[in-house]
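Please keep the sequence and the model in view while reading. The account begins with a single side chain and then moves outward through the fold.

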Amino acid sequence: MAFRGNEMMKKILKKVGDQNVAPGLKDQLKKCIPDTKVVMGRAKRGLFAGRHIQFGNRISEDGGNKSRRIWKPNVQEKRLFSYIMDRHIRVKVTTHALRCIDKAGGIDEYLLKTPYHKMDTEMGLEWKARIEKRYEELGKMEVVFFSPEDEAKFEQGFKDLKLAKREARRDFRRQMSGWHEKQKEIEEGQADDQVVDEEEQLVANS
């Protein structure tokens, strides 16, 4: 269950990348990660918020006999949406971590507000470093505001694009099912019937 902080640091930098780490973040990570730390093995692959295996005794009701036992945390697999990364993050979390995330206001706020010395898992440190780097990049971007007329034009353009895609999918399905050929045959049959009706009407008038 024990692992060294140096190995943990190497794994985090390998996953995130040295170039993606914000300036000064590497030294901050090294200070927060201790040289040795005991963490449950599967906790390294999720957000456990300090909840790990607990050890204790099971005491019998009759004679008060004690036997060793363990308590494992309640772990759930969830898909949490990150607005900063604009994607879902599939992660294993404890129910305590879920309550912390809800209280913080989302996975982004939880990772940004939680200090490094309390983020005691590899996955938590990895996503915290990624989100901080992305948050810094978004802060440098210029913000452009559009007028209501421009927003209405953009919305109408998106609607037209959606309708065009729907029509294209419908035509493709008709081509695959041979609907166009059937429609041509029906139109040709209707045209022939119309010509015959016109000839019969001319004969009757004459």
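**From one arginine to the whole chain**

R90 is exposed, with a relative accessible area of 51%; residues are called exposed over 50%, buried under 20% and partly exposed in between, using a 1.4 Å probe and protein chains only. This is a predicted model, in which local features need a pLDDT of at least 70 and side-chain atom pairs count only at pLDDT 80 or more, whereas totals for chains, interfaces and linings use all residues. Residues are numbered from 1 along each chain as its sequence is written, and side-chain values use heavy atoms, with hydrogens and water left out.

R90 forms a salt bridge with E77, the closest N and O atoms being 3.9 Å apart. Because E77 belongs to strand β6 (residues 75-82) and R90 to strand β7 (residues 87-94), this pair ties together parts that are 13 residues apart in sequence. A salt bridge here is a side-chain nitrogen of Lys or Arg within 4 Å of a carboxyl oxygen of Asp or Glu. In general, side chains of opposite charge can pair when their charged atoms come close. The search of the whole structure finds seven salt bridges.

The elements named so far belong to a chain with seven helices and seven strands. Helices (H or I, at least four residues) and strands (E, at least two residues) are DSSP runs, numbered from the N terminus. Along the sequence, the pattern is β-α-α-β-β-β-β-β-β-α-α-α-α-α. Of the 206 residues in the chain, 26% count as buried. Among contacts between residues at least 6 apart in sequence, 51% join residues at least 24 apart, a contact being heavy atoms within 4.5 Å.

Strands β6 and β7 are part of an open sheet of three strands, in the order β3-β7-β6, with mixed pairing. The edge strands, each pairing on one side only, are β3 (46-47) and β6. β6 and β7 pair in the antiparallel sense over eight bridges, where two strands count as paired if DSSP finds at least two bridges between them. One of the bridge partners is easy to locate: V75 is matched with T94 in β7.

Another antiparallel pairing joins strand β4 (residues 54-59) to strand β5 (residues 66-71) through six bridges. Within this pairing, N57 stands opposite R68 in β5. The two strands form a hairpin with six residues between them, and G64 in the turn has a positive phi of about 70°.

The search of the whole structure finds one aromatic pair. The ring centres of F81 and Y83 are 4.9 Å apart and the planes lie at 85°, so the arrangement is edge-to-face. Rings of Phe, Tyr and Trp (its six-membered ring) pair if their centres lie within 6.5 Å; planes under 30 degrees apart are stacked, those over 60 are edge-to-face and the rest are tilted. F81 is partly exposed, at 31% relative accessible area, while Y83 is exposed, at 69%.

Attention may now turn to helix α5. Its 19 residues (122-140) should span 27 Å at 1.5 Å a residue, and the end C-alpha atoms are 28 Å apart, which agrees; the expected span is 1.5 Å times one less than the number of residues. Among the buried residues of α5 are M123, L125, W127, A129 and I131.

W127, which lies in α5, is buried at 8% relative accessibility. Leaving aside residues up to four places away in sequence, W127 touches M85, R87, I89 and L111. The C-alpha atom of W127 is 9.3 Å from that of D108, which is 19 residues away along the chain. R130 lies over the face of W127, at 4.8 Å from the ring centre; this label requires NZ of Lys or CZ of Arg within 6 Å of the ring centre and within 35 degrees of the ring normal.

Helix α5 also holds a salt bridge between E136 and K140 (3.9 Å, N to O). These two residues are four apart, about one turn of the helix. An α-helix has 3.6 residues a turn, so residues three or four places apart point the same way. E136 is partly exposed at 27% relative accessibility, and K140 is exposed at 65%.

Helix α6 (residues 148-177) offers a similar spacing, with K159 and E155 four residues apart, about one helical turn. Their closest N and O atoms are 4.0 Å apart, forming a salt bridge. Both side chains belong to partly exposed residues: K159 at 44% relative accessibility and E155 at 46%.
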